[in-house]
Amino acid sequence: MKKLNRRNFIKGSLAGGIAAATAAGKAKNASAAGGDFGGYPDSMGVLVDLTKCVGCRTCEAACNKEQGLPEPDKPFDDYSVFDEHRHGGLPRRTTEKAYTVVNRYKVEGREHPLFRKIQCNHCNEPACLTSCFVNAYTKTPEGAVIYNPKVCVGCRTCMIACPFYVPAYSYSSPINPVVKKCIMCYDTRLKFGRPPACVESCPQGVMTFGKRKNLIALAHEKIEGNPGKYVDHLYGEHEVGGTSWMYLSDVPFEEIGFDTHLGKEPIISYVKDFLAIVPMVLCIWPALFTGFHLLSTRKQANQEESPKA
Amino acid sequence: MGFKKEKRLGLAAFIAMAAPLVLPISAKGEVFELSSLANLYEGVSFDHDMHIEAVENNCSLCHHHTAGTPPEDQTCIPCHKNSPEAESPACSSCHLIEPFSSTNLSISEKNPLRHHKVKPGLKAAFHLNCMGCHQETGGPVGCQDCHAMTEKGEKFYNTGQYTPKAGNETAHH
């Protein structure tokens, strides 16, 4: 065995430092490529035409049955839910019992109220996935953002990370509370090439299911083909790096509860530089500085031992 | 002999069941049942004659460019200004029951005709066509104004005999 002397130790730590620096550089390049990912090429999506929705709540019922969710508080043909508000006057949001909800918006100058269905938007680069430290989330090539409830530890970081406030929490389960959200019917439909239950159930054809790239083309054709009908913006085409669910509206998006200040950068872009340093700091620094410490105190330790010898 | 009779009966039953799908083709002056999609709701008893009167014989208001009358929709006019009556002007001959099945998606993806590429499914076509007009003309717009909910529908919507019992509400929203 090679004797560990001062010279060998310094050589070794230098080599280690260079390796760590290279690794960090590589990690940075890899995550930069991740920022330009833009989604799987043939991933599916849903185009929502908000001008068509009449607020019948059939999609909510379809989701409840397809996902085997608990009985709702009120029947799905009870429209008094549109008058319900959470604290602060906010409209209804997704819960552990409802992965999708429809809300009503009164818009000045519009003859009828506007109805907007909310559910997971299935981001190309999901913030929930980025934030999850047990790796419970997966973005599938079909476009769905799914999660493994068996590994979820219920930390709720994804609920804070999600720019759309989508993941809900099973507060009703005191033993094993986990996060709950729309999975685009991945298990029962999407992976077999079928549209989500809400899309199929809609009587008004509000939602169009198809390849995301085709839907983007279709949406822009619709905007151009109907001058004055739609706001010239496809919500979800670029927001937070693009989402599988995209929206067309005849009312400015900020008036109907959409966050229009999210920017085009995926959430991961804001944290990747920092996150790349974390493994380096956690793994290399303790070993490196312990080494320096031992080295600097060795002489002293030797001196303390020598009188006995 | 008995077998033959059964077979004949079966054929008659088949024709009777298929009739609502076939009849609309020559449906002037008739009331027929739109029931090919009946599931959560019963079929709609559709008075074709009354609707012909309501639109003053302008078939294109509903049938786009397939009824032989000049099309109203701006997107149809460039190609179908003088199109004759289609082989079948029934809604279901163009609007699919399952527009988003993978087979139908790949067919429509290859369709070179821009305005035929994406068309509403049959259920959406019915509702968009009917409701748009009904809202303007004061026709029925509530779900059960046109078709009664079936027992399966009550279960689906958790309503009627399946209404949730009070006291099950969760505090978190």
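Over residues 11–26 of chain B, pLDDT (the predictor's confidence in each residue, from 0 to 100) stays under 50, and the model has 13 contacts beyond four places in sequence for this stretch, two residues being in contact if their C-beta atoms, placed from the backbone, lie within 7 Å. Where pLDDT is low, the predicted coordinates should not be read in detail. This is a predicted model, in which local features need pLDDT of at least 70 and side-chain atom pairs count only at pLDDT 80 or more, while totals for chains, interfaces and linings use all residues. Residues are numbered from 1 along each chain as its sequence is written, and chains are lettered from A in the order in which they are written.

**Confidence**
- Chain B averages a pLDDT of 83, and 79% of its residues score at least 70.
- Among the elements of chain B (helices, H or I, of at least four residues and strands, E, of at least two, as DSSP runs numbered from the N terminus), helix H1 (residues 2–22) has the lowest mean pLDDT, 47, and helix H9 (residues 151–156) the highest, 96.
- For the complex, the predictor gives an ipTM of 0.79 and a pTM of 0.80.

**Interface**
- In chain A, 29 residues are in contact with 24 residues of chain B.
- The largest share of the side of chain A that touches chain B, 3 residues, comes from E8(A).

**Phe209(A)**
- Phe209(A) lies in strand E8 (residues 207–211) of chain A.
- Beyond its neighbours within four places in sequence, Phe209(A) is in contact with Met44(A), Val46(A), Pro195(A), Val199(A) and Phe100(B).
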